[in-house]
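Colleague: I have some questions about this model. Can we take them one by one?

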Amino acid sequence: MVVLLAAGMLAFLGHQQLFSRFLCTPLTVECPSEGSPQGDSPGAAAAASEELFFLQSTAEQLRQTAQQQKEQILTDQETIRELTTKLSQCENGLELSFQDSPAVWGDHRQDTMGDLPWDSPAMIQELEEAVRVLKDRIDKIEDIPARINASSTSAPMATQETVHSKMEELEEQILSKILALEKERLSITNNREVQQQEVEKELDALQNRVSELEHGQSSTFNPPAAFKVSIPVRNNYMYARMKKSLPELYAFTISMWLKSKGPAAVGTPFSYSVPGQANELVLLVWGNNPMELIINDKVTQLPMTLKDGTWHHICITWITRDGIWSAYQDGEARGGSDNLASWHPIKAHGVMILGQEQDTLGGRFDATQAFVGEISQFNLWDHILTPAEIVGLANCTRHLQGNVLQWDEKLVEVHGGAAKWSFNICEDRMKA
């Protein structure tokens with residue numbers, strides 16, 4: 001009977017399988033709940049980053065568990081080999097107990113398995129019990145890979161699918177939130193521009209009405225050129241605009257009366273922009289720098305100053321041939337030179353603004369470059385006036401109107417709180 005049990009054990013061990021798969025223990029992956037705020041607050045991106053870090057940590061734990069289970073399998077395989085060796089030794093010992101003669105062992109030999117003789121019923125029962133225990137242990141060891149492999153193939157797959165699904169939902173929610181915020185931003189910007197235009201219109205109407213009530217006069221000046229534009233404070237929304245545009249010019253003369261509110265208030269008395277060129281023609285005082293004339297982004301400094309807070313007559317001439325220019329203050333020639341935007345004609349169909357510097361066509365003003373003070377008698381010709389004509393304009397002995405732009409109440413519109421006031425520069429100078 002012992003021989004049959006030993007033979008059965010050999011047959012069982014002869015068909016044993018050695019497993020080389022990784023053993024994985026499924027871990028519960030807690031994904032973010034669907035009720036959690038993932039795109040409805042400014043911290044949505046931070047929450048998504050924390051969840052991604054959690055998933056990476058879980059994957060690292062799974063890898064370490066697989067490595068530990070692999071080492072456990074190698075240990076169990078070594079145990080199986082040791083048990084197989086011991087079982088073979090037991091089988092060989094049983095066969096020798098029935099085949100060897102007393103001459104080999106003697107009448108009083110000791111059994112290596114214990115004090116009982118090999119052929120006694122108690123010894124056979126003990127061997128049967130040992131074989132049964134070994135068989136049970138081998139069955140349990142062989143059953144471990146099957147259970148672990150089954151769980152390691154199903155649980156990780158389910159976990160990966162869940163994580164992937166959650167990541168896709170997060171991406172969709174974040175994208176939809178970004179699109180909604182962009183639409184809201186555009187809507188707010190458009191509403192703000194509309195509101196600003198409405199406010200400017202209301203300010204213009206109120207300012208004109210206040211002027212009428214204070215002076216008891218209509219909006220029509222007599223004569224039409226007897227007015228001035230007042231810009232009382234520095235900002236980026238008070239200005240005057242000439243309703244007429246310019247034709248293409250190969251020469252010009254600009255004449256105007258200016259009174260700045262202080263040393264730092266000269267800013268930009270006028271600017272002319274065209275499509276594609278915001279600085280087509282600009283008169284500018286920037287900070288503590290001298291006055292500058294800009295034509296097509298080419299700059300020259302003018303030897304004039306308007307920082308004493310009194311009225312001054314300004315006249316500038318220019319011709320495209322060789323870019324020759326001259327500057328006059330109060331009828332006196334202050335300087336001139338050449339090579340200022342040579343052979344470049346002043347382009348047509350632009351916008352002429354008084355009191356603000358344009359960064360785009362007709363807008364995008366900068367408060368730091370705004371003119372603060374009063375402007376009157378702005379006229380523009382398409383040719384160069386003679387020095388005698390310029391002196392006559394400065395001392396009020398000649399009254400000339402520009403043949404391109406004229407100083408006329410109907411041709412000048414004010415915006416943002418700038419106002420038109422009845423004013424005659426020559427009468428004012430005579431009183432002074």
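Colleague: In which helix do Arg63 and Glu60 both lie?
Modeller: The model is predicted, so keep that in mind throughout. The side chains of Arg63 and Glu60 meet in a salt bridge, 2.7 Å from N to O. The two residues are three apart, about one turn of the helix. The helix spans residues 44-99 and is H2.

Colleague: Is Arg63 buried, partly exposed or exposed?
Modeller: Partly exposed covers the range between under 20% and over 50% relative accessible area. Glu60, at 34%, counts as partly exposed. Arg63 has 49% relative accessibility, so the class is partly exposed.

Colleague: Which helix holds both Glu129 and Arg132?
Modeller: Their side chains meet in a salt bridge, with 2.3 Å from N to O. Glu129 is partly exposed at 40% relative accessibility. Arg132 is partly exposed too, at 42%. Three residues separate the pair, about one turn of the helix, and that helix is H4.

Colleague: How many residues apart are Glu409 and Lys420?
Modeller: Glu409 forms a salt bridge with Lys420, the closest N and O atoms being 3.4 Å apart. The pair links distant parts of the chain: Glu409 is in the loop between H5 and E13, Lys420 is in strand E14, and the separation is 11 residues.

Colleague: Are Glu409 and Lys420 buried or exposed?
Modeller: The cut-off for buried is under 20% relative accessible area. Both Glu409 and Lys420 meet that class: buried.

Colleague: How many salt bridges does the structure hold?
Modeller: Arg63 with Glu60 is one of them. Glu409 with Lys420 is another. The count for the structure is seven.

Colleague: Which cysteines form a disulfide?
Modeller: A search of the whole structure finds one disulfide. The sulfur atoms are 2.2 Å apart, and the cut-off is 2.5 Å. The partners are Cys396 and Cys426.

Colleague: How far apart in sequence are the parts that Cys396 and Cys426 tie together?
Modeller: The link is left-handed, with -95° about the S-S bond. Cys396 lies in the loop between helix H5 (387-394) and E13. Cys426 lies in helix H6 (residues 425-431), so the parts tied together are apart by 30 residues.

Colleague: Which strands stand at the edges of the open sheet E7-E6-E5-E4-E11-E2-E13?
Modeller: This sheet has seven strands with antiparallel pairing. Each edge strand has a single partner, so one side of each is left without a neighbour in the sheet. The edge strands are E7 (298-302) and E13 (412-415).

Colleague: In E13, what is the bridge partner of Arg241?
Modeller: Strand E2 (residues 239-242) and E13 run antiparallel, joined by four bridges. Arg241 has its bridge partner in E13, and that residue is Glu413.

Colleague: Which residue in E8 stands opposite Ile254?
Modeller: The sheet here is open, with seven strands in the order E10-E9-E8-E3-E12-E1-E14. Strand E3 (residues 251-260) and strand E8 (residues 312-319) pair in the antiparallel sense over eight bridges. Opposite Ile254 in E8 stands Ile316.

Colleague: Which residues make the nonpolar surface patch of about 240 Å²?
Modeller: One member is in helix H4 (residues 121-215): Val199. Val199 counts as partly exposed because its relative accessibility is 48%. The full patch is Val199, Leu203 and Tyr237.

How values were computed: Residues are numbered from 1 along each chain as its sequence is written. This is a predicted model: local features need pLDDT of at least 70, side-chain atom pairs count only at pLDDT 80 or more; totals for chains, interfaces and linings use all residues. Side-chain values use heavy atoms; hydrogens and water are left out. Patches are made of residues with over 30% relative accessible area and no salt bridge: like charges are joined within 9 Å, nonpolar side chains (Val, Leu, Ile, Met, Phe, Trp, Tyr) within 5 Å. Accessible areas come from the Shrake-Rupley method with a 1.4 Å probe; for residues, only the protein chains shown count as cover. A salt bridge is a side-chain nitrogen of Lys or Arg within 4 Å of a carboxyl oxygen of Asp or Glu. Buried means under 20% relative accessible area, exposed over 50%, partly exposed in between (1.4 Å probe, protein chains only). Two strands pair if DSSP finds at least two bridges between them.
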